Amino acid sequence: MNATDSQQVNSWFYLSWQSSSVDHLPFQSGPFKAHQFLIDVSNTSVAHSSNPTKERLFPLMACLSPPSTFPLQAHNLDSKPTEEWLLSSLKSPKTPMQLKTFHAHIIKTNLTQNDLIFGQLFLCCSISNAMNYATDIFSNIRKPKLFFYNAMIKGYSQNGHHYKALQMYSLMRSRSVSCDSFTFPVVLRSVSSLNEIQTGKELHGVVMKMGLYSKLILQTALIDMYCSCGSADSARFIFDRILERDVICWNTMIAGYVKCGEFNKARELFDRSPSRNVSSWNTLVDMYCKTGDIEIARQFFDEMPEKDIITWNAMLSGYAKIGECESARKLFDQMVKRNVVSWNVLITCHVHNRRFLEALDLFRMMQVSDVKPNEVTVVSVIPACAHLGALELGKWIHGYINRNHIKMDVYVNTSLIDMYGKCGNVEEAIGVFDNAKVKDTFLFNTMIEVLAMHGRAEVAFRIFMCMRREGLKPNEVTFIGLLKACSHVGMVDTGLKYFEMMREEFGLTPKVEHFGCMVDLLGRAGHLQEAHELITKMPMEPHPVVWGSLLGACKIHGNVELAEEVALRLVELEPQSCGNYVLLSNIYSKAGRFNEAVELRKMMKEKGVKKQPGCSSIEVNHVVSEFFAGDRAHPKCKEIYEQLDKMVKRLKAEGYEPCISSALHDVDMNEKEQTLVHHSEKLAVAFGLISTDNRTPIRIVKNLRVCDDCHIFMKMVSKYYDRQMVIRDCSRFHHFSNGSCSCSDYW
DNA sequence: TGTGGGAATT
């Protein structure tokens with residue numbers, strides 16, 4: 001849809017999203033996009049949900065599908081649902097309420113003995129992710145037929161409950177229900193997912209004993225199982241002994257080699273295969289995308305006799321993997337048909353390449369396309385909100401998930417916790433954590449990290465205990481979170497305890513990141529020498545970030561000598577990174593050693609070090625605006641600069657003095673002051689003040705550290721403009737309120 | 001009711 005096409009406007013309906021019940025995200029305003037968006041009324045759920053005919057429908061039918069997909073013309077409204085209609089309706093996912101209605105109807109009409117219909121209800125539970133309901137029904141069947149066992153196994157397997165699938169298989173064996181050739185492929189699937197090669201081998205034996213081994217389908221399933229468990233040779237042993245292989249069997253073996261990383265063998269087999277279909281080619285395209293041989297992948301892509309949507313998506317994700325957003329977008333635009341995967345790949349590509357606003361724009365475009373976002377989509381988009389600090393957008397997507405019944409899996413919950421944490425809303429993050437049905441290591445790690453970020457160390461430790469109680473094994477990332485928690489509140493002893501624990505108790509080898517955290521912890525707490533010593537004793541090459549932590553600590557504790565040594569080391573390691581020069585220069589200035597500060601700036605000039613542009617983003621009315629220092633791209637640019645002038649005048653009257661040493665440019669004083677005044681976070685604050693009422697906290701995200709001057713400025717703004725402000729810089733949160741900051745000026 | 005191929009989190 002082209003929102004700017006004026007000829008279309010008559011048939012479109014202007015709608016600002018806040019006032020509507022339609023679930024679309026507003027278009028990005030930012031500096032470039034329209035504030036409002038257009039919707040085709042004839043094609044939305046609004047039109048259908050207000051349609052009075054719905055009330056007159058047969059009640060069972062009325063509760064079936066969301067209004068937008070309701071097949072109004074599909075059946076006779078006066079008659080009862082036919083068996084065929086029931087069968088076909090049960091092929092698409094249902095809400096728990098809808099499942100109950102169907103179940104009740106089936107019982108009332110004595111259809112429970114109808115294997116086809118009752119079985120379909122069963123399968124419907126499985127595709128609706130309602131295995132609890134299926135389990136209930138199953139446990140009430142006195143003597144389940146083989147079919148029901150198969151359906152249960154399939155349901156568990158497809159919903160990711162692989163252990164339960166295997167348990168169900170064991171149950172049927174223990175009840176002496178004999179399996180058939182439908183049982184094994186599904187059970188083997190779960191075996192593959194669990195990487196349980198031993199169980200797989202046992203099943204192989206059972207298949208042989210039952211005389212089912214000659215079935216090509218089962219041999220293919222076994223090949224897949226062995227490859228998924230990393231045993232390509234066993235698979236090949238089976239493959240070589242099959243007399244008549246079909247194309248699926250060939251494909252399974254080729255894809256199996258790819259799974260095991262044996263790319264040459266995969267290629268060899270592909271070249272030898274007697275017949276190929278689209279899937280065979282797709283496997284090869286995908287393989288070369290994965291190995292990074294994008295040109296060869298493209299060659300295969302161009303040469304193949306026919307392409308399906310998976311071909312296109314595989315190629316698309318190839319470009320995405322190497323970060324080529326432009327090529328990906330070009331290919332995406334050439335696609336005749338796109339599905340949810342195509343959109344997801346493209347969105348993820350943009351997020352991974354830090355093109356967050358574009359990713360959000362794509363998400364908006366997706367919502368007005370004919371493809372419905374799913375849980376993978378939101379897991380791709382939510383991190384974009386997290387990075388931008390776009391709390392309102394993030395909340396909106398959270399609501400969107402609920403309203404659209406998008407599956408809240410462990411990925412979705414993890415990204416929500418991370419987003420709420422990074423957007424400064426810890427309580428909400430804890431809420432999501434508490435409500436998460438499945439909690440895995442990722443989810444726990446994220447919760448711990450969020451608590452650490454906000455200085456809630458004690459809670460983080462409790463969550464860690466909880467994690468251990470649940471029998472989850474902590475990994476390296478868990479300990480990074482714990483160590484960060486310690487360093488933010490200065491708990492040196494506890495930090496040392498965890499550092500020890502990860503090695504002694506969990507056999508984890510500390511990585512450079514862990515040493516970084518330890519250096520940070522010791523340094524912040526003032527143990528500069530110990531921190532320095534730890535760096536020299538590290539078993540690996542200290543990453544610049546580790547030195548950076550020590551440098552930061554030197555700044556906090558005003559140790560100019562050590563700072564100098566560390567900074568020179570850093571300048572050697574990363575001569576093009578401006579942050580180190582900035583920090584050292586600030587340290588010199590603070591110590592009154594201005595000559596050295598000037599020298600340093602000269603050095604930067606000579607080496608051609610460019611300052612990384614500071615960028616701050618702020619979200620106003622669900623729209624994220626980005627500001628660079630001195631930026632004039634925003635539509636409200638004029639008002640913003642006027643407001644900023646007013647603010648500087650007002651605060652100067654209250655005693656604000658621009659802290660010139662924060663300006664690193666070798667220019668005259670006046671210009672320096674201007675540079676400072678136009679720092680990106682000040683522009684963002686000015687915009688926030690003119691765009692929101694004074695009860696709204698201003699939330700800003702900055703890509704660099706907040707400079708001294710801005711820090712002082714923000715404290716004063718919070719006091720004299722009576723505003724709560726939360727600024728997230730590249731390492732922590734600053735909560736400004738009534739003239740002071742939560743970081744107590746140490747950052 | 002079964003086999004192969006594309007997407008996600010700290």
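Which atom of DNA strand B lies 3.0 Å from a polar side-chain atom of His352? In this predicted model, the partner of the His352 side chain is a phosphate oxygen of DNA strand B. Two further polar contacts involve the bases. A polar side-chain atom of Asn313 is placed 2.6 Å from a base nitrogen of DNA strand B, and an N or O atom in the side chain of Asp409 lies 2.9 Å from a base nitrogen of the strand.

DNA strand B is surrounded by 40 residues, of which the closest are Arg189, Ile217, Ser279, Asp308 and Asn339. Of the atoms of DNA strand B that come within 4 Å of the protein, 37% belong to sugar and phosphate. The surface near DNA strand B comprises 17 polar, 13 nonpolar and 10 charged residues.

Helix α27 spans residues 476-489. Its 14 residues reach 21 Å from the first C-alpha to the last, close to the 20 Å expected at 1.5 Å a residue. At the N-terminal end, α27 is capped by Asn475, with a side-chain oxygen 3.0 Å from the backbone nitrogen of Val477. After the helix comes Gly490, which has a positive phi near 70°. The buried residues of α27 are Thr478, Phe479, Ile480, Gly481, Leu482, Leu483, Ala485, Cys486 and Ser487. These buried residues pack against four helices, namely α25 (441-453), α26 (457-469), α28 (492-504) and α29 (512-524).

Six strands form an open sheet with mixed pairing, in the order β4-β3-β5-β6-β7-β8. The edges are occupied by β4 (623-628) and β8 (740-741); each has a single partner strand, so one side of each is left without a neighbour in the sheet. In general, strands of a sheet pair through backbone hydrogen bonds, in either a parallel or an antiparallel sense.

The pairing of edge strand β4 with β3 (residues 615-620) is antiparallel and runs over six bridges. Within this pair, Cys615 stands opposite Phe628 of β4. The two strands form a hairpin with two residues between them. Asn621, in the turn of this hairpin, has a positive phi of about 50°.

Elsewhere in the sheet, β6 (residues 725-728) and β7 (residues 733-737) are also paired in the antiparallel sense, over four bridges. Here the bridge partner of Ile727 is His734 in β7.

Note on methods
Residues numbered from 1 in each chain as written. Chains lettered and ligands numbered in written order. Predicted model: local features only at pLDDT ≥ 70, side-chain atom pairs only at ≥ 80, totals over all residues. Heavy atoms only, no water. Pairing = 2+ DSSP bridges. Near = heavy atom within 4 Å. Polar contact = N/O pair within 3.5 Å; in protein donor to acceptor, adjacent residues only side chain to side chain. Nonpolar A, V, L, I, M, F, W, Y, C, P; charged D, E, K, R; others polar. Expected span 1.5 Å × (residues − 1). Buried < 20%, exposed > 50% of the residue type's maximum accessible area, 1.4 Å probe, protein only. Contact = heavy atoms within 4.5 Å.
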